[in-house]
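Visitor: I am new to protein models and would like to learn how to read one, feature by feature. Could we go through this one together?

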Amino acid sequence: MEYIPAKHIVQNSHSAGHWFGIDYNMNIYRGCCHGCIYCDSRSACYGIQDFDIVQAKEDALRIIRDDLRRKTRTGVVGMGAMSDPYNPMEEKEQLTRHALELIHAFGFGVSIATKSSLILRDMDILKDIAQYAPVLLKITITAADDNLCKKVEPNAPVSSERFEAIRQLTEAGLFTGILLMPVLPFIEDTDENIMKIVEKAHKVNARFIYPAFGMTLRDIQRDWYYGKLIQ
């Protein structure tokens, strides 16, 4: 695991209240190894070089503790905006799990976006937080079929694993649903794909589906996407 310096990790959200009620953003990791062909986080405006290499913020847990302690009011901490908090390295590093413990200790709520079933590991902490604050779990699924999923999100857990994670999370009483975004034009925007996702979401008792059709196409991200289409 490579580490990068950071001064602060829990930061005020620029769109507070508009994105599932998030008040703060937190990214413990930088970069992502899912290899999704559409990822907007590759765009030059974010300044992330070697995006496919996952790095962790150095001394992250101490910084998160200090950041939460300084907040004048509690709120919902969003995770997963720029990198998946449940990347494969998290299984060993457990930075996300320990960050959730800090969020719980300081009385904050949490909103998580992920493509990984590893989130099931932390159901115990999430259920504890849900006793007094919002817990919103957003599992990204854009392809109903695992074969298509492997083409657009080659290194991420397949869609069937994510549907099963949603089933277990909702059965545990946690507010969990699907981020249906981005829906790729001419690839995922068929009636068949969308309706299958809706049907499967119903079967696993997903509480919501939040869709976004189309995608951004900026500089580095655009070149990456077109290159993957050619392949």
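Guide: Let us begin with a word that we shall need often: a residue counts as buried when its relative accessible area is under 20%, and as exposed when that area is over 50%, with partly exposed in between. Please keep in mind as well that this is a predicted model.

Visitor: Which residues of helix α1 are buried?

Guide: The general idea comes from the geometry of the helix: an α-helix has 3.6 residues a turn, so residues three or four places apart point the same way. In helix α1, which covers residues 60-70, the buried residues are Ala-60, Ile-63, Ile-64, Asp-66, Asp-67 and Leu-68. These buried residues of α1 pack against the strands β2 (10-12), β3, β5 (55-57) and β6 (76-79), and also against α3.

Visitor: How many helices and strands does the chain have?

Guide: The chain has 8 helices and 10 strands. Its radius of gyration is 17 Å, close to the 17 Å that the globule rule gives for 231 residues, so the chain is as compact as a globular protein of that length. Along the principal axes, the C-alpha trace spans about 45 × 40 × 30 Å, and 49% of the 231 residues count as buried. Of the contacts with a separation of 6 or more, 77% are between residues 24 or more positions apart.

Visitor: How should I read a single strand, for example β8, and where do its side chains point?

Guide: For a strand, one can ask how far it is covered and then which residues point to which side. Strand β8, residues 135-140, is mostly covered, with 6 of its 6 residues buried. Val-135, Leu-137 and Ile-139 point one way, while Leu-136, Lys-138 and Thr-140 point the other way, and residues of both groups are buried.

Visitor: Which strands are joined to β8 by bridges, and in what sense do they run?

Guide: Strand β7, residues 109-114, is joined to β8 by 5 bridges, and the two run parallel; within this pairing, Val-110 stands opposite Val-135. To get from β7 to β8 the chain passes through helix α4, residues 123-129, and this β-α-β crossover is right-handed. Strand β9, residues 175-183, is also joined to β8 by 5 bridges in a parallel arrangement, and here Lys-138 stands opposite Gly-177.

Visitor: Is β9 enclosed or open, and what does it pair with besides β8?

Guide: In β9, 8 of the 9 residues are buried, so this strand is largely enclosed by the rest of the structure. It pairs in the parallel sense with strand β10, residues 209-213, over 4 bridges, and the bridge partner of Leu-179 in β10 is Tyr-210. Together, β9, helix α7 (residues 191-203) and β10 make a right-handed β-α-β unit.

Visitor: What is the strand order in the open sheet of 3 strands?

Guide: The order is β1-β5-β4, and the pairing is mixed. The edge strands are β1 (2-4) and β4 (29-30), each of which pairs on one side only. Between β4 and β5 there are 2 bridges, and these strands run antiparallel; Arg-30 has Gln-55 in β5 as its bridge partner.

Visitor: How is a pair of aromatic rings described?

Guide: Such a pair is described by the distance of the centres and the angle of the planes. The structure holds 3 aromatic pairs, one of which is formed by Tyr-24 and Phe-108: it is edge-to-face, with 5.9 Å from centre to centre and 65° between the planes. This pair links distant parts of the chain, since Tyr-24 belongs to strand β3 (residues 24-26) and Phe-108 to the loop between α3 (95-105) and β7, 84 residues apart. Both Tyr-24 and Phe-108 are buried.

Visitor: Does Asn-25 count as buried, partly exposed or exposed?

Guide: Asn-25, which lies in strand β3, counts as partly exposed because its relative accessibility is 25%. Setting aside residues up to four places away in sequence, Asn-25 touches Ile-9, Val-10, Gln-11, Ser-13, Gly-78 and Ala-81.

Visitor: And what can be said of Ser-41 in the loop between β4 and β5?

Guide: Ser-41 has a relative accessibility of 7%, so it counts as buried. Apart from its neighbours within four places in sequence, Ser-41 is in contact with Tyr-46, Ile-48, Phe-51, Ala-81 and Met-82.

Conventions
Residues are numbered from 1 along each chain as its sequence is written. This is a predicted model: local features need pLDDT of at least 70, side-chain atom pairs count only at pLDDT 80 or more; totals for chains, interfaces and linings use all residues. Side-chain values use heavy atoms; hydrogens and water are left out. Buried means under 20% relative accessible area, exposed over 50%, partly exposed in between (1.4 Å probe, protein chains only). Two strands pair if DSSP finds at least two bridges between them. A crossover is right-handed if, with the strands pointing away from the viewer, the path from the first strand over the helix to the second runs clockwise. The radius of gyration is taken over C-alpha atoms; the globule rule is 2.2 Å times the number of residues to the power 0.38. Contact means heavy atoms within 4.5 Å. Rings of Phe, Tyr and Trp (its six-membered ring) pair if their centres lie within 6.5 Å; planes under 30 degrees apart count as stacked, over 60 as edge-to-face and the rest as tilted.
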